[in-house]
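Here is a short briefing for a first look at a protein chain. Keep the sequence and the 3D view side by side as you read.

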Amino acid sequence: LTRTGKAVSYGCKIIGGLLCGTIPVAAMKMSIQYNTGVIYDGRSIVLTLSGLFGGGITGIISALIAAAYRIYLGGEGVWAGTATIFTSVLVGFAFRRLHHNKPELLKIPMLFGMGVVSHLCMLACQLLLPWPTGVYIIEEIWIPVMLVLPLGTLLMGLLLATDKKRMLAEKSLRRSEENFRRSMDESPLGMRILTSNGQTLYVNKALLSI
């Protein structure tokens, strides 16, 4: 990548991190409150996928934003909630690394499996609640959590994977066109591209010189 290309890439990752961080904040504002300071929402889905599709910069920024807001909310569930935020992103990182930074290649079973792992970790984080509150909460929520949230992770993951594949295909097409045009410009032979009606679409530098 050129220096400009790298700057644009980093900028996109930072913007992605800000976006993926504000979505969990919005989710926490509309969360289900189990007890005073103990809240549940869909932030684990968004944060897992931010680690998977966004990578390091995006995942870290989104986790820091979500964690800062969860700490601001406080309550007895603050450490369980904060731990859930960071473990969700770490699970996304792990699955990204397992697939050589190509998350768009994950198949349905792997995406669903990632959702299962992420939400098992989320349930385990409830043990950070005051004893024995965490155990009671796990007993009450584990069935709906494991039935709904891994499926939500799968569906959102499929949408993001489809969009990622489209973006990569467009990028590959642009690169191919640029390479083709560069090879024509650098050729010592005069070249011209015509339409079926004989109209000139493109001429290279050699033909202009001739």
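The points below go from the overall fold to single residues.

This is a predicted model. The protein chain has six helices and four strands. Its radius of gyration is 24 Å, whereas a compact globule of 210 residues would have one near 17 Å.

**Overall layout**

- Along the sequence, the elements follow the pattern α-β-β-α-α-α-α-β-β-α.
- Along the principal axes, the C-alpha atoms of the protein chain fill a box of roughly 85 × 30 × 30 Å.
- Of the 210 residues, 38% count as buried.
- Take the contacts in the protein chain with a separation of 6 or more: 62% of them join residues 24 or more positions apart.

**Two helices, two spans**

- Helix α2 covers residues 43–73, which is 31 residues.
- A straight helix of that length would reach 45 Å at 1.5 Å a residue, but the end C-alpha atoms of α2 are only 15 Å apart.
- Helix α2 has a kink of about 150°, centred on Gly 55.
- Gly 56 is also found in helix α2. Gly 56 counts as partly exposed because its relative accessibility is 37%, between the 20% and 50% cut-offs.
- Gly 56 and Arg 96 are 40 residues apart in sequence, yet their C-alpha atoms are 9.9 Å apart in space.
- Helix α3 agrees with its expected span: its 21 residues should span 30 Å at 1.5 Å a residue, and its end C-alpha atoms are 30 Å apart.

**Nonpolar cores**

- The largest nonpolar core has 22 residues. Leu 52, Met 114 and Val 145 have the most contacts inside it.
- β2 (38–40), α2, α3 (78–98), α4 and α5 (133–186) each supply at least two residues of this core.
- Helix α5 gives the largest share of this core, with seven residues.
- A second, separate core has 10 residues, including Val 25, Leu 47, Ile 85 and Phe 93.
- Leaving aside neighbours within four places in sequence, Val 145 is in contact with His 119, Met 122, Leu 123 and Pro 150.

**Two residues of helix α4**

- Helix α4 runs over residues 108–125 and holds His 119. Val 116 lies in helix α4 too.
- Is His 119 buried or exposed? His 119 is buried, because its relative accessible area is 0%, under the 20% cut-off.
- With neighbours within four places in sequence left aside, the contacts of His 119 are Ser 44, Ile 45, Val 145, Met 146, Leu 149, Pro 150 and Thr 153.
- Val 116 has a relative accessibility of 24%, so Val 116 counts as partly exposed.
- Not counting residues up to four places away in sequence, Val 116 touches Met 146 and Pro 150.
- Val 116 and Asp 163 are 47 residues apart in sequence and 23 Å apart in space, C-alpha to C-alpha.

**Cysteines**

- A disulfide is a covalent bond between the sulfur atoms of two cysteines.
- How many disulfides does the count come to? The count comes to zero.
- Why is Cys 12 without a bond to Cys 20? The sulfur of Cys 20 is the closest cysteine sulfur to that of Cys 12, but it is 13 Å away and therefore too far for a bond.
- Cys 121 is in no disulfide either, and its nearest cysteine sulfur, that of Cys 125, is 6.8 Å away.
- Cys 121 counts as partly exposed because its relative accessibility is 28%.

**Backbone details**

- Most residues other than glycine have a negative phi, and most peptide bonds are trans.
- His 100 is not a glycine, but it has a positive phi of about 55°. His 100 comes just after α3, in the loop between α3 and α4.
- His 100 is exposed, because its relative accessible area of 65% is over 50%.
- Asn 101 lies in the loop between α3 and α4. Asn 101 has a positive phi of about 60°, although it is not a glycine.
- Asn 101 has a relative accessible area of 41%, so Asn 101 is partly exposed.
- Gly 74, just after α2, takes a positive phi of about 70°.
- The peptide bond from Trp 131 to Pro 132 is cis, with omega near 0°. Pro 132 sits in the loop between α4 and α5.

How values were computed. Residues numbered from 1 in each chain as written. Predicted model: local features only at pLDDT ≥ 70, side-chain atom pairs only at ≥ 80, totals over all residues. Heavy atoms only, no water. Buried < 20%, exposed > 50% of the residue type's maximum accessible area, 1.4 Å probe, protein only. Contact = heavy atoms within 4.5 Å. Expected span 1.5 Å × (residues − 1). Bend = angle between axes of the 7 residues up to and from the residue. Core = buried A, V, L, I, M, F, W, Y, C linked by side-chain atoms within 4.5 Å. Disulfide = S-S within 2.5 Å. Rg over C-alpha atoms; globule rule 2.2 N^0.38 Å.
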